[in-house]
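Reader: I should be grateful for a close look at the open sheet in this structure, set in the context of its chain and of the contacts around it. Please explain each term as it arises.

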Amino acid sequence: MANTEAALVIDSLKKTYKGGVEAVKGISLTVNKGDFFALLGPNGAGKSTTIGVISSLVQKSSGSVSVFGHDIDKELELAKLSIGLVPQEFNFNQFETVQQIVVNQAGYYGVKKEVALQRAEKHLSQLDLWEKRDSPARALSGGMKRRLMIARALMHEPQLLILDEPTAGVDIELRRSMWTFLTELNEQGVTIILTTHYLEEAEMLCRNIGIIDKGVLVECTTMKSLLSRLNMETFILDLAGDLAAKPELLEIESRLTDAHTLEVDVAKDQSLNDVFVQLSKLDIQVLSMRNKANRLEELFVELVEKGKMAGDQL
Amino acid sequence: MNMKALYFTAFKSILTKEINRFTRIWVQTLVPPAISMTLYFLIFGNLVGKRIGEMGGVSYMEFIAPGLIMMAVITSSYSNVASSFFSAKFQRNLEELIVAPVPHYVIIAGYVGGGVARGLCVGTIVTLVALFFVDISIQHVGLVAVTVFLTAVLFALAGLINAVFAKSYDDISIVPTFVLTPLTYLGGVFYSLSLLPDFWQGVSALNPVVYMINVFRFGFLGYADMSVPLSVAVMVGFCVGFWSLAYYLISRGIGLRT
């Protein structure tokens with residue numbers, strides 16, 4: 001029986017390419033309606049292949065995929081109607097204008113031209129592209145092209161939006177405005193699946209996460225529970241004055257990277273206050289503090305490394 | 001959702017996109033046939049034709065006019081789909097259609113429709129050019145319309161099949177150069193098949209373009225080298241065959257999906 005709460009159900013999905021490369025080796029995954037789901041993995045892990053199968057760009061070898069209860073083997077067109085895809089690479093006609101691209105795309109989903117023109121104004125305005133509507137796509141900057149792909153994917157108002165590295169090569173200001181846009185979209189009820197190499201992005205936006213490595217789903221859980229597994233975090237402290245030697249801190253590992261920068265390792269059950277109390281006692285003033293690495297990044301590396309070691313043992 | 005209405009809107013979108021494409025680059029798509037046909041009429045029709053005299057009971061200029069129109073239709077409908085579909089595949093914007101709920105037959109119909117539209121546009125332009133050189137009278141209007149339509153469909157389908165297999169831009173120029181042009185030139189555009197020895201008449205019967213030009217010329221002049229019903233049947237047969245092949249290729253995702 002179909003899972004009515006699920007936006008996407010993938011069961012035992014396998015894909016072997018013609019040359020014999022097994023890109024996906026039996027992935028099973030469920031993404032609930034309204035979720036903001038991160039699909040992470042190193043390059044070549046099988047993320048894009050999985051997305052390709054969901055969106056019909058790649059033919060699966062076996063397994064099943066259903067989107068909002070529509071099995072892609074039985075009700076492909078209904079499944080497709082629910083999906084909006086933002087692929088990794090620019091794949092629109094560079095010679096068409098921005099408006100032509102989005103209006104044509106709407107037409108492929110049965111949206112009449114009058115409605116498509118209204119939606120084009122809405123989505124292009126939301127993504128700051130309305131002024132560029134008559135420009136050929138080739139004249140747009142990289143960031144504008146990325147936004148155009150998002151606008152195009154929204155033209156048929158999909159319930160499930162899949163974004164394959166949407167912020168790759170986008171400057172930080174634009175990336176942040178895209179995050180805000182995607183968060184608002186998700187709040188309006190659109191289920192979002194995101195692949196990204198910016199783990200900060202996944203941590204900030206997504207509620208649930210799946211990590212794929214070498215075609216296998218190595219982790220699928222909530223962001224919260226994944227992050228709670230992190231045992232140790234490293235903070236970088238910028239100090240007010242110069243230190244000649246590393247300060248002796250009780251039960252806290254530390255390193256002096258230069259005269260005014262101190263790295264401290266804080267365990268999960270330790271309070272950051274302990275660090276500051278001890279530093280204050282030593283009359284060391286902290287100007288600012290930041291994480292050495294993104295928390296999710298640390299876990300990601302740990303999981304992928306674990307996978308590598310398991311693979312080596314086989 | 002009414003899926004039939006969806007498919008129709010999708011078809012219109014592909015067709016409009018295709019028509020916009022070839023009209024946007026009209027200097028490359030619509031002007032060259034007009035120029036080359038003017039040269040054909042000037043050189044073959046006017047200069048050389050005057051010395052040839054009559055062929056098939058009419059002046060040489062009148063005789064070659066239907067064949068030249070047909071030649072332009074064939075080349076335009078073929079190259080429109082071959083280059084547009086291959087570009088869409090090469091630049092990956094065909095993915096826009098693959099991810100959309102558009103059935104394969106709608107994709108084929110949309111692209112073929114674009115090829116037919118260009119073929120008919122060019123056919124009209126070339127006919128207008130021909131009117132400067134020769135008085136054209138049409139004996140069987142319906143037959144002319146059916147023939148030009150079927151020919152444009154047939155070669156648009158052939159262009160699509162070529163584009164599906166093509167891996168580079170070179171691949172879409174090989175067929176027109178080595179297959180299409182010889183078939184067209186040897187298809188009776190410039191001569192009546194009755195001038196050929198029996199053996200070569202038999203060989204010509206294997207050339208599908210012969211049937212198209214034959215029935216098209218019959219529609220204009222009322223003169224035919226071969227049986228008109230047979231010619232129409234050959235065209236319909238090729239259309240059905242090419243459509244089936246195109247449908248098979250697209251639905252299997254050959255050259256399109258990994």
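Author: Chain A is divided into domain 1 (6-97 + 141-227) and domain 2 (232-295), with bounds that come from an automatic or database domain assignment. The C-alpha centres of these two domains of chain A lie 39 Å apart. This is a predicted model, in which local features need pLDDT of at least 70 and side-chain atom pairs count only at pLDDT 80 or more, while totals for chains, interfaces and linings use all residues. Residues are numbered from 1 along each chain as its sequence is written, and chains are lettered from A and ligands numbered from 1 in the order in which they are written.

The sheet requested is an open one of four strands in chain A, with the order E2-E1-E4-E5 and antiparallel pairing. Strands (E, at least two residues) and helices (H or I, at least four) are DSSP runs, numbered from the N terminus, and two strands pair if DSSP finds at least two bridges between them. Strand E2 (22-32) and strand E5 (70-71) of chain A each have a single partner strand, so one side of each is left without a neighbour in the sheet. In general, strands of a sheet pair through backbone hydrogen bonds, either parallel or antiparallel.

Strand E1 (residues 6-16) of chain A runs antiparallel to strand E4 (residues 62-67) of chain A, and five bridges join them. Within E4(A), A:Ser64 is the residue that stands opposite A:Asp11. Helix H1 (residues 47-54) of chain A packs on the sheet and touches E1, E2 and E4 of chain A; contact here requires C-beta atoms, placed from the backbone, to lie within 7 Å. The direction of H1 makes about 115° with that of E1(A), where axes are lines fitted to C-alpha atoms, for helices over the stretch in contact, and angles run from 0 to 180 degrees between N-to-C directions.

Beyond the sheet, 23 residues of chain A are in contact with 23 residues of chain B. On the side of chain A that touches chain B, helix H2 (76-82) and helix H3 (98-108) of chain A are the elements that give two or more residues. H3(A) provides the largest share, four residues. That side of chain A divides into nine nonpolar, 10 polar and four charged residues. Here Ala, Val, Leu, Ile, Met, Phe, Trp, Tyr, Cys and Pro count as nonpolar, Asp, Glu, Lys and Arg as charged, and the others, Gly among them, as polar.

Key
Two residues are in contact if their C-beta atoms, placed from the backbone, lie within 7 Å.
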